[in-house]
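Student: Could you take me through one part of this protein slowly? I would like to look closely at its core and at the charged pairs.

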Amino acid sequence: MNAWKNKDEATARRIISDDFTLTGALTTGELTNKETWIEHAFHGFDCKSFSFDTIKVRVYGNTALLNIWYHQVATINGKDWSGNTLLTDVWVKQNGAWQVVARATTPLAQKISKATADKGFSHSVLRTVPA
């Protein structure tokens, strides 16, 4: 997300797998591939501010599942796209490097508390960012 916020397309291309797919709020159910995501992320979005609220990481060998709650103030093609979101990522370690292979975004009506994020979470948390 920092690569997106900072308009660092080279880093985004390096950490996003070539077979990456996104299911998100801007789609009507179709999967978005790497090139389409990069086109939209770097040529339509304008991010004014971005902050992680909570990050939970579970690692299973060479695969990691991330649940990330964040808030952004942004526009897409001039339309307000600000708010709170739950991001779910799947990362795979390939050839010694971690790459995101799948992402799903879910808009949230409001920011959640850490206690809410922790409910029902039984796996060890590797990183939690204070709200």
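Tutor: Let's begin with the largest nonpolar core, which has 24 residues; W4, I16 and W37 are the ones that touch the most other members. Keep in mind that this is a predicted model. Several elements build the core: α1 (2-5), β1 (16-23), α3, β3 (45-60), β4 (63-76) and β6 each supply at least two of its residues. The largest share belongs to β4, which gives six residues. As a general background, nonpolar side chains in soluble globular proteins tend to be buried together.

Now zoom in on W37. If you set aside its neighbours within four places in sequence, W37 is in contact with W4, A12, I16, F20, L22, T32, F42 and R103. Notice that W4 and I16 appear in that list, and that both are named with W37 as residues touching the most other core members. R103 is in the list too, and it is a good place to turn to the charged pairs.

The structure holds five salt bridges. In general, side chains of opposite charge can pair when their charged atoms come close. One of the bridges joins the side chains of R103 and D89, at 2.6 Å from N to O. R103 lies in strand β7 (residues 97-108) and D89 in strand β6 (residues 83-94), so this pair ties together parts that are 14 residues apart in sequence. Are these two residues buried or exposed? Both R103 and D89 are buried.

Next, follow the charges to R13. The side chains of R13 and E9 form a salt bridge, with 3.1 Å from N to O. Both residues sit in helix α2 (residues 9-15), four residues apart, about one turn of the helix. R13 also forms a salt bridge with E35, where the closest N and O atoms are 2.7 Å apart. That second pair links distant parts of the chain: E35 is in helix α3 (residues 34-43) and R13 in helix α2, 22 residues apart.

What about exposure for these three? E9 counts as partly exposed because its relative accessibility is 25%. R13, at 32%, counts as partly exposed, and E35, at 44%, counts as partly exposed. For that label, the value has to lie between the cut-offs of 20% for buried and 50% for exposed.

Let's return to the R103 and D89 bridge, with its N to O distance of 2.6 Å. Apart from that pair, salt bridges that share partners join E9, R13 and E35 into one network.

Conventions. Residues numbered from 1 in each chain as written. Predicted model: local features only at pLDDT ≥ 70, side-chain atom pairs only at ≥ 80, totals over all residues. Heavy atoms only, no water. Salt bridge = Lys/Arg side-chain N within 4 Å of Asp/Glu carboxyl O. Buried < 20%, exposed > 50% of the residue type's maximum accessible area, 1.4 Å probe, protein only. Core = buried A, V, L, I, M, F, W, Y, C linked by side-chain atoms within 4.5 Å. Contact = heavy atoms within 4.5 Å.
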